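Biologist: Before we look at anything in detail, could you walk me through how to read the cysteines, a buried charged side chain and the nonpolar cores?

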Amino acid sequence: MRNPLSEKTAGLKPSGIRKFFDIVSEMKDAISLGVGEPDFDTPWHIRDEGIYSLEKGRTFYTSNAGLKELKVEISHYLKRRFQLAYDYNCEMLVTVGGSEAIDIALRAMINPGDEVLIPQPSYVSYEPCAILAGGVPVIIDLKAENEFRLTAQELREAVTDRTKILVLPFPNNPTGAIMERRDLEAIAEVIAEKDLFVISDEIYGELTYKEKHVSIAEIPGMWERTILIGGLSKSHAMTGWRLGYACGPKLIIEQMLKIHQYAIMCAPTTSQYAAVDALKNGDEDVKQMREAYNQRRRYLLYAFAQMGLSCFEPYGAFYVFPCIKEFGMTSEQFAERFLAEEKVAVVPGTAFGESGEGFLRISYAYSLENLKVAIGRLEKFVRRLRAEQGK
């Protein structure tokens, strides 16, 4: 029988995140610090709005691009929080989470053979989505000594005549790294000089702890080159609602909308009505969750310092990225042994690219109580490893 599978799809690696999640789900008394999902429930006023929309019988398709009321609120939100102006009629598209927006942005912009620059470590979907769109992923290895920021020199060295798109994944999953305004201004010069376009994944834009997030679309000359990806999953604890958005120049959004029409039709109607309330009335919820995350972040950094585990200070998202190179094992070996011996799941840095070797992603989207138990087990595990090495 003929092979029914696409070679391109069959050649993709499965997500390295899910492997450990699946194991820990069947392990008694195990703690998972591996999934990037808020431990907060969606705030009640947002849930109430979703329930009310069902009670009112709002169960039909919306416009392909999304509810007008929601697009208006996204426009107000981006102007209020990040000084960004988008026409909700033609420069905005509501998607099924930020993940769909990433996928269709790449498919709308890539011709076969176009190169897509992907800084790593970074979210697992960029590289496979670029491949599925017919592009050629070109990896930029970010460095711990630069706090995993993308530098103008690294960008310039990666550009070729075939480069078309830069994926900009900040605040970053898995490292927690951010790009400050001066960092963005430096790479913006290279982007303009080399005539590149940017897909800026800013799903963690509300979760920064050093300074307010700056979008590259705010930098002069970058708005017309940027597709901004956003959503409510992380900021408003709405992961299961699957609600995201993309904003950018009309020319590109129109093509993304065509793919969205054929593949999806529209984002979930109930989620869209709930999101209207989230953006109107959710600023205080976001602030409270951000403060809780920051408390957990500071606790983890203090705990790492106490046990002598090297970790640069991350200022975004809800992840820390400690270095475990001193133990002479791969990230996957460390994570597997830690799970087997101490029943705590973390994600090997290599799940996010080869440049993540020697690091672990630990999520602090968990209660402080759970974090304290898990870190107690990590400290015991680290002491055991050092004793084995005679340290």
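**Reading the interior**

Modeller: Cys-247 is buried, with a relative accessible area of 0%, and please keep in mind throughout that this is a predicted model.

Biologist: How many disulfides does a search of the whole structure find?

Modeller: A disulfide calls for two cysteine sulfur atoms within 2.5 Å, and the search of the whole structure finds zero such pairs.

Biologist: Why is the sulfur of Cys-247 not in a bond?

Modeller: Its closest cysteine sulfur, in Cys-90, is 11 Å away, which is too far for a bond. Cys-129 is likewise buried, at a relative accessible area of 11%, and because its sulfur is 19 Å from the closest cysteine sulfur, that of Cys-247, the distance is too far for a bond.

Biologist: Is Arg-296 buried or exposed?

Modeller: Buried means under 20% relative accessible area, so Arg-296, at 7%, counts as buried. Arg-296 lies in helix H11, residues 283-307, and, leaving aside neighbours within four places in sequence, Arg-296 is in contact with residues including Asp-39, Tyr-364, Tyr-366 and Leu-371.

Biologist: Which residues have the most contacts inside the largest nonpolar core?

Modeller: They are Leu-33, Phe-304, Phe-334 and Leu-378, in a core of 42 residues. H11, strand E9, helix H12, strand E12 and helix H13 each supply at least two residues of this core, and H13 gives the most, with eight. Beyond its neighbours within four places in sequence, Leu-378 is in contact with Phe-304, Met-307, Leu-309, Phe-334, Phe-338 and Ile-362. Apart from this core lies another, of 28 residues, among them Ile-216, Ile-219, Met-222 and Phe-312.

Terms used. Residues are numbered from 1 along each chain as its sequence is written. This is a predicted model: local features need pLDDT of at least 70, side-chain atom pairs count only at pLDDT 80 or more; totals for chains, interfaces and linings use all residues. Side-chain values use heavy atoms; hydrogens and water are left out. Buried means under 20% relative accessible area, exposed over 50%, partly exposed in between (1.4 Å probe, protein chains only). Helices (H or I, at least four residues) and strands (E, at least two) are DSSP runs, numbered from the N terminus. Contact means heavy atoms within 4.5 Å. A nonpolar core is a set of buried Ala, Val, Leu, Ile, Met, Phe, Trp, Tyr and Cys residues joined through side-chain atoms within 4.5 Å.
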